[in-house]
Amino acid sequence: MADAVGEALADALERSVRTGAIAAPDGAADIVVEKPKDPSHGDVATNLALRLARHAGRPPLEIAEALREHLVLGEIIESAEVAGPGFINMRVHPAWLAAQLAPVIGAGERWGDVDLANGRSVQVEFVSANPTGPVTLGATRGAAVGDALANVLDAAGYRVEKEYYVNDAGSRMQTFFESCAWYYRTMCGIDAPPPDELYPAAERAAELLLAEHGDALRDLPIDQLGEHGVVAQLAEIRRDLEQLGVHFDSWFHEQSLFDSGAVEDMLRRLRDAGCVVERDGAVWFAATAVGLDKDEVLVRSNGMPTYFTSDLAYHLDKLEKRAFDRAVDVVGADHQGHLPRMFGALRVLGIAPSRLDIVITQLITVGGAKMKKAAGHYVTLREILDQVGADAIRFFLISRGTGSTIDFDLDLAVKAGNENPVFYVQMAHARCAGVFRQAQADGVPTGSPDLSFLGTDESPLIRLLLDLPEVVRSVAQDLEPHRLTFYAQEVAAAWHRYYHDHRIVDATAPALSTARLHLAAAVRVTLARTLRLMGLSAPERM
RNA sequence: GCCCUCGUAGCUCAGCGGAUAGAGCAGCCGCCUUCUAAGCGGUUGGUCGUAGGUUCGAUUCCUACCGAGGGCGCCA
């Protein structure tokens with residue numbers, strides 16, 4: 001809709017300039033068409049005159065008036081008026097709006113697609129929690145956000161791959177091995193002192209081993225026992241995420257970067273670039289040499305590379321070796337520390353920083369208390385999955401901007417009745433399905449609608465449906481999936497209201513019913529797509 | 001001390017430089033013989049943390065300050 005109106009405005013601008021009514025703008029005019037918050041300001045509005053005023057050296061109102069006179073009214077724009085400081089408020093013809101329903105229905109599952117990608121690919125990496133314990137609520141936020149973003153980027157035309165980066169290397173694994181082995185052997189009745197550093201989350205892996213193998217593994221060496229624990233825990237992580245409806249295309253193991261020599265290659269290139277110094281027996285990335293505030297350790301004095309080092313090799317692998325055009329990392333706020341140095345190092349390695357976007361999700365508290373996985377204070381995905389359900393969890397976790405901290409109120413989530421907007425949206429979809437069931441029962445035809453039955457009562461709802469491509473564009477551009485939840489609620493509210501005020505299926509007025517079913521079909525397509533983009537189901541009945 | 005995020009209605013939060021700042025929940029008043037009341041309508045409720053700056057126009061951008069959370073390890 002905005003595109004069609006924008007073209008008409010561009011046309012009016014050109015005509016105004018040609019007739020000398022207003023001076024030519026310098027450069028291409030950036031025509032912004034938006035929906036006014038106040039419905040009395042029309043269906044669409046533009047601030048074009050306000051923007052042109054500066055270069056034209058004339059009051060915005062005069063320019064707006066000139067533009068309005070040159071605007072062609074007719075098929076699309078029904079009326080236009082100048083208002084406020086220089087806005088042009090326009091009303092879109094209801095017949096034109098009604099005619100837009102068929103393309104929506106025709107687009108079906110692909111309604112809302114836009115092309116922002118120009119054939120580019122993007123890899124979205126998320127969750128990526130250590131395989132040392134169950135999926136926490138915090139990691140679940142990353143799962144919900146990352147999966148929704150991947151869906152939206154797909155809708156925006158990108159070739160998308162979703163990846164889980166398995167941190168199965170590094171010194172934490174040894175701690176996990178020892179903890180897992182101790183828990184397991186304790187469960188087998190072996191009395192031994194706990195390791196110096198005990199990792200409480202490792203208890204889960206021990207439980208899984210006990211359930212699967214009984215005490216058959218009790219005499220295995222710690223490392224072998226630990227490896228079994230990693231495999232079992234990773235399998236459970238995968239199961240839990242699948243139950244949430246999150247599926248990954250690829251599971252990339254950190255360890256493979258060491259096995260393939262990718263870490264060493266990366267270090268050699270940093271060294272060749274003159275960005276590596278040795279100090280205190282360790283090897284450092286000389287971040288201060290490229291203008292950053294502090295250096296970062298690449299290889300410890302004990303010879304072990306740090307997480308930072310493998311992370312650099314990992315990003316080089318995706319952006320250079322696997323050659324994704326873009327990469328999006330969804331990470332928790334506790335991971336943002338080394339980001340400036342990572343961008344700095346990637347630049348040294350020849351990777352343009354613009355190819356990598358980091359989405360930082362803020363932390364989640366439960367009942368106001370923060371969670372510390374290392375201390376054993378956390379809520380897991382599997383605990384809440386049974387109580388709350390995947391759809392409600394996902395909707396809630398993407399319904400806030402990624403920059404906001406979320407307090408997860410478990411009691412409230414379990415209640416989940418009218419507190420929970422996910423049911424409101426899904427109910428709207430179920431009602432769409434319901435009217436088609438009714439139509440079939442009453443023998444009301446659903447094809448070839450007479451669009452003249454659709455007028456100003458339907459216009460606000462149709463206008464909202466036509467916003468979906470713009471919502472997709474906005475979410476893909478800013479990587480803020482919470483806008484989907486607000487859009488979904490708006491569409492649901494408009495449909496619930498319409499449904500309440502208008503009988504859709506009426507066997508005594510078949511032509512009217514057919515026209516309204518045409519509208520219902522477009523609502524259904526729009527709600528189903530929006531739900532799917534969020535990773536939620538679109539139920540036929542509730 | 002330095003870096004990042006946040007501060008908007010009683011609560012939880014939208015608001016991608018525009019007009020009289022919005023929604024849900026909570027509160028109050030109404031609506032089921034009708035395609036799902038998991039719904040609809042009405043109503044109460046704001047010094048947009050503070051002070052400056054940029055702009056025709058600032059909740060939005062910039063600076064400083066105040067407050068909350070996070071990060072500043074040869075952990076990941």
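This talk describes a predicted model of a protein with an RNA strand, beginning at the RNA and then moving into the two sheets and the helices around them.

Good morning, colleagues. I begin with RNA strand B. The strand is surrounded by 60 residues, and the closest are Arg172, Lys294, Lys370, Arg431 and Met542. What does the protein approach, sugar and phosphate or bases? Of the atoms of RNA strand B that lie within 4 Å of the protein, 65% belong to sugar or phosphate, and the rest belong to bases. By class, the surface near the strand is made of 26 polar, 17 nonpolar and 17 charged residues.

Several contacts to the RNA come from the protein backbone. At Gly403, a polar backbone atom is 2.6 Å from a sugar or linking oxygen of RNA strand B. At Ala333, a polar backbone atom stands 3.4 Å from a sugar or linking oxygen of the strand. At Tyr307, the partner is a phosphate oxygen, 3.2 Å from a backbone N or O atom. Turning to secondary structure, the elements that contribute two or more residues to the surface near the RNA are α2 (48-56), β4 (87-92), α7 (171-187), α17 (421-442), α19 (468-478) and α20 (482-501). Which of these gives the largest share? That is α17, with 8 residues.

Strand β4 leads us to the sheet of 4 strands. This sheet is open, its order is β1-β2-β4-β3, and its pairing is antiparallel. The edges are taken by β1 (33-34) and β3 (77-83); each has a single partner strand, so one side of each has no neighbour in the sheet. Within the sheet, β2, residues 44-46, runs antiparallel to β4 and is joined to it by 3 bridges. One residue pair to find on the screen is Thr46 with its bridge partner in β4, Ile88. Helix α3, residues 60-70, lies across β3 and β4, and runs at about 165 degrees to β3.

I now turn to the sheet of 5 strands. This sheet is also open, but its pairing is parallel, in the order β7-β6-β5-β11-β12. Its edge strands are β7 (250-253) and β12 (356-361), and each pairs on one side only. From one strand to the next, the twist averages 25 degrees. Between β6, residues 159-166, and β7 there are 4 bridges in the parallel sense. Here the bridge partner of Tyr164 is Trp251 in β7.

Trp251 merits a closer look. Is this residue of an edge strand buried or exposed? Its relative accessible area is 17%, and because the cut-off for buried is under 20%, Trp251 counts as buried. Beyond its neighbours within four places in sequence, Trp251 is in contact with Tyr164, Val166, Leu234, Ile237, Arg238 and Leu241. The C-alpha atom of Trp251 is 9.8 Å from that of Glu125, although 126 residues separate the two along the chain.

Gln255 belongs to helix α10, residues 254-259. With a relative accessible area of 30%, Gln255 is partly exposed. Apart from residues up to four places away in sequence, Gln255 touches Asp168 and Ala169. Its C-alpha atom is 7.6 Å from that of Asn167, and the two residues are 88 apart along the chain.

Next comes the helix that crosses this sheet. Helix α6 lies across β5 (121-125), β6, β11 (326-332) and β12, and runs at about 160 degrees to β11. Thr140 is part of α6, which spans residues 137-155. Thr140 has 0% relative accessibility and counts as buried. Setting aside neighbours within four places in sequence, its contacts are Val135, Leu244, Leu381, Ile393 and Leu397.

Ile393 and Leu397 bring us to helix α15, where both are among the buried residues. Of the 9 residues of α15 (390-398), 8 are buried, so this helix is largely enclosed by the rest of the structure. The buried residues include Asp391 and Arg394.

I close with α19, one of the elements giving two or more residues to the surface near the RNA. Its buried residues are Leu468, Pro469, Val471, Val472, Ser474, Val475 and Ala476. What do these residues pack against? They pack against α6, α18 (459-465), α20 and α21 (510-534). After α19 comes Leu479, with a positive phi near 55 degrees. Thank you for your attention.

How values were computed:
Residues are numbered from 1 along each chain as its sequence is written. Chains are lettered from A and ligands numbered from 1 in the order in which they are written. This is a predicted model: local features need pLDDT of at least 70, side-chain atom pairs count only at pLDDT 80 or more; totals for chains, interfaces and linings use all residues. Side-chain values use heavy atoms; hydrogens and water are left out. A residue is near a molecule or strand if one of its heavy atoms lies within 4 Å of it. A polar contact is a pair of N or O atoms within 3.5 Å; within protein, one must be able to donate a hydrogen and the other to accept it, and residues adjacent in sequence count only if both atoms are side-chain atoms. Ala, Val, Leu, Ile, Met, Phe, Trp, Tyr, Cys and Pro count as nonpolar, Asp, Glu, Lys and Arg as charged, and the others, Gly among them, as polar. Two strands pair if DSSP finds at least two bridges between them. Contact means heavy atoms within 4.5 Å. Axes are lines fitted to C-alpha atoms, for helices over the stretch in contact, and angles run from 0 to 180 degrees between N-to-C directions. Buried means under 20% relative accessible area, exposed over 50%, partly exposed in between (1.4 Å probe, protein chains only).
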